[in-house]
Amino acid sequence: MLQNTEAGVRIRRRQINNPQYADDTTLLAENKDHTVKLIKRVKTSSEKAGFKLNLKKTRVLSTGEQVNLLVDGQEISAVTSYKILGVLITNTGYSKHKIKRKIRLGRAAMAKLSKIMKDRELRPT
């Protein structure tokens, strides 16, 4: 749907602009103009397929200036954070919940290894 467009973010020599999760779509763009172009393209493509993009539920998260966008006469609100797949993403890139989760996973992994690490019968070879 969004192939052959310069909008998006380059990751490992690939242009990424539209990761999708079930009925949620995340658009990635480097600037305001590209963001508006991507939203309009998704809206048009969705309508051709018989779907409607609900601009009232659409939000913009920017790591730069927080500005609302105007797409087809409808204002899209800027937000400072949003949750996707259970992870809170903020405009600063900081994710306290993700960090805490990783710490819990690390502790659980170390707890599983504690018996082995304390076993006096094990010797290095």
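**Salt bridges and core of a predicted model**

The protein in this predicted model has two helices and nine strands.

Colleague: In what pattern do the helices and strands of the protein follow along the sequence?

Modeller: The elements to be placed in order are two helices and nine strands. Read from the start of the sequence, the protein follows the pattern β-β-β-β-α-β-β-β-β-β-α.

Colleague: Which residue forms a salt bridge with K43, with the closest N and O atoms 3.1 Å apart?

Modeller: A salt bridge requires a side-chain nitrogen of Lys or Arg within 4 Å of a carboxyl oxygen of Asp or Glu, and a pair whose closest N and O atoms are 3.1 Å apart satisfies that rule. The two residues both lie in helix α1, which covers residues 32-48, and are four residues apart, about one turn of the helix. The partner of K43 in this salt bridge is E47.

Colleague: Is K43 buried or exposed?

Modeller: The cut-off for buried is under 20% relative accessible area. Because K43 has a relative accessibility of 17%, it falls under that cut-off and counts as buried. Its partner E47, by contrast, has a relative accessible area of 42% and is partly exposed, so the answer for K43 itself is buried.

Colleague: Where in the chain does D72 lie, given that the side chains of D72 and K43 meet in a salt bridge?

Modeller: The N to O distance in the salt bridge of D72 and K43 is 3.3 Å. This pair links distant parts of the chain, 29 residues apart, with K43 in helix α1. D72 is partly exposed, at a relative accessible area of 48%, and it lies in the loop between β6 (69-71) and β7 (74-79).

Colleague: Which residues do salt bridges that share partners join into one network?

Modeller: The count comes to two salt bridges. One of them pairs K43 with E47, and K43 also meets D72 in a salt bridge. Through these shared partners, the residues joined into one network are K43, E47 and D72.

Colleague: Which elements give two or more residues to the largest nonpolar core?

Modeller: In soluble globular proteins, nonpolar side chains tend to be buried together. Here the largest nonpolar core has seven residues in all, namely V36, I39, L55, V60, L69, V71 and I76. V36 touches L69, L70 and V71, leaving aside residues up to four places away in sequence. The elements that give two or more residues to this core are α1 and β6.

Colleague: What share of the residues of the protein count as buried?

Modeller: The accessible surface of the protein comes to about 10300 Å², and 51% of it belongs to carbon and sulfur atoms. Of the 125 residues of the protein, the share that count as buried is 20%.

Technical notes: Residues numbered from 1 in each chain as written. Predicted model: local features only at pLDDT ≥ 70, side-chain atom pairs only at ≥ 80, totals over all residues. Heavy atoms only, no water. Buried < 20%, exposed > 50% of the residue type's maximum accessible area, 1.4 Å probe, protein only. Areas by Shrake-Rupley, 256 points an atom, 1.4 Å probe, with all protein chains shown as cover. Core = buried A, V, L, I, M, F, W, Y, C linked by side-chain atoms within 4.5 Å. Contact = heavy atoms within 4.5 Å.
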